[in-house]
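I opened the notebook to record what I looked up in this entry, one region at a time. The coordinates I worked from are shown here.

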Amino acid sequence: MKFETKAIRIQTEQTQHREHSTPIFPTSSYTFKNAEQMRSMFAGEQEGNIYSRFTNPTCREFELKMAALEGVEDAVSMASGMSGVFGTLMTFLGQGDHIIASRAIFGSTYQVLLNWLPKWGIEYTFVDSNRMEDWEKAVQSNTKMLFVETPSNPGLDIIDLEKAGAFAKTHQLLFVVDNCFATPYLQQPARFGADIILHSATKFIDGQGRVLGGVACGSHESIDEIRRFGRNTGPTLSTFNAWILTKSLETLHVRLDRHCENALNLAKHLSHHSQISKVNYPFLESHPSYDIAKKQMKLGGGLVTFELKDGIEKGIQFLDRIKMCTLSANLGDTRTIVTHPASTTHAKLTESARQEVSITNGLIRVSVGLEHIDDIIADIEQALG
Ligand SMILES: *Cc1c(COP(=O)(O)O)cnc(C)c1O
């Protein structure tokens, strides 16, 4: 089956009611026919649901779809993207271990490495995506994991997944990819040797700004281990959110096609604007990693960033002039969202720390929605003045 068909046709087995659309199973626990069935399920001799902290049919449908779409054996869902990130780190890293991560990663992932892992004796080294020749120097005898995000948030830096995969293999590192910005429709990191693929399902997978969710995808063996962490610690995806997310996957390909078409059109349009010094979009030829993006991504994604000539002040003024688009922290929504990282999400960093992750003072991030492209362009144009 092709990607689109899997996203629609993988479905929980039909119940006696012969429903067509997938049902939702909001139940915290399950019943047993007799003592022997209960005993054997608790012993793990027989498969079956016991308690929804660990398994639930609605969550399972979402997991099986995600595994199929990423082209891996299994997946485990989590309450949010961050619980998926944290669960993966906690499962595979322990005291005395070391992790290498690309510097331009999601803000909370960065904070976990910086502030929480050291509390448990886990060391980290950040590396630059555009200087892979330096990555070798970061490897230590206790390095266990390579963690990358591509395209990155918000700089849209691209990491060459083929090279990163080869690097992880050479040094026998667990290769973890946060695939949130691309979704499996645009990019399947397992093809480049990724062991664990993570998603914040809150973004394009929901795609309509409704629920939080996360998922980790990989081999049976590694997902079983993450699932055990979740079973014992409880970052379970709610049944309702799982139902929303599995329904959303049915339209992922259609939505992404339009997100990417709108984003490319906006990027091209803004490339010639007098107030803008630079437009960043993976599928614009001017992007520094255009060739790599073309090699590993089907389309360029739904995010565009651009650089205002007059920095911080102009960025704040731009946000204040926006009329239709939304000022919001989310991304991957049907509604176009604009943010100014230097005055908001990344305001606490020093200017040079921001530069290291490609966030300049005048950088505007646009999560391009599904409104008509003419309306998106018109609003951004009028806000540019
Ligand atoms: C939003 C995001 C996360 C965190 O996901 P939540 O669902 O908000 O917890 C992780 N990685 C990336 C790249 C993200 O954009």
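The entries below cover a helix and its surroundings, one buried residue, and a sheet with the helices across it.

**Entry on H4.** I kept in mind throughout that this is a predicted model. I began with the length of helix H4, residues 81–92, and found that its end C-alpha atoms lie 17 Å apart, which agrees with the 16 Å that twelve residues should span at 1.5 Å a residue. I then looked at burial and noted that H4 is mostly covered, since ten of its twelve residues are buried, among them Gly81, Phe86 and Leu89. Looking for what does the covering, I listed strand E1 (74–78), helix H5 (107–116), strands E5 (174–178), E6 (196–200) and E7 (214–218), and also H9.

**Entry on H4 against H9.** I took up the pair formed by H4 and helix H9 (residues 220–233), whose axes come within 9 Å and cross at roughly 110 degrees. Angles of 65 to 115 degrees count as roughly perpendicular, so I recorded H4 as roughly perpendicular to H9. On the H4 side I found Gly87, Thr88, Met90 and Thr91 in the contact, and on the H9 side Glu225, Ile226, Phe229 and Gly230. I sorted these contact residues into three nonpolar, four polar and one charged.

**Entry on alanine 67.** I located alanine 67 in helix H3, residues 57–70. I counted 25 other C-beta atoms within 10 Å of alanine 67, and because 20 or more are needed, I entered the residue as buried. Leaving aside neighbours within four places in sequence, I saw alanine 67 in contact with Val72, Glu73, Asp74, Ala75 and Cys217. I also checked the separation from valine 338, 271 residues apart along the chain, and obtained 31 Å between the C-alpha atoms.

**Entry on the sheet.** I traced an open sheet of five strands in the order E8-E9-E12-E11-E10, and noted that its pairing is mixed. Strands E8 (276–280) and E10 (326–327) stand at the edges with a single partner strand each, so I marked one side of each as lacking a neighbour in the sheet. At the E10 edge, I found two bridges to strand E11 (residues 337–339), with the two strands running parallel, and I identified isoleucine 337 as the bridge partner of threonine 326.

**Entry on helices across the sheet.** I followed helix H11 (residues 252–270) across E8, E9 (303–308) and E12 (363–367), and recorded an angle of about 15 degrees to E9. I then followed helix H13 (residues 311–321), which lies across E9, E10, E11 and E12 and runs at about 125 degrees to E9.

How values were computed: Residues numbered from 1 in each chain as written. Predicted model: local features only at pLDDT ≥ 70, side-chain atom pairs only at ≥ 80, totals over all residues. Axes fitted to C-alpha atoms, helices over the stretch in contact; angles between N-to-C directions. Helix = DSSP H or I, 4+ residues; strand = E, 2+ residues; numbered from the N terminus. Parallel < 35°, antiparallel > 145°, perpendicular 65-115°, else oblique. Contact = placed C-beta atoms within 7 Å. Nonpolar A, V, L, I, M, F, W, Y, C, P; charged D, E, K, R; others polar. Pairing = 2+ DSSP bridges. Expected span 1.5 Å × (residues − 1).
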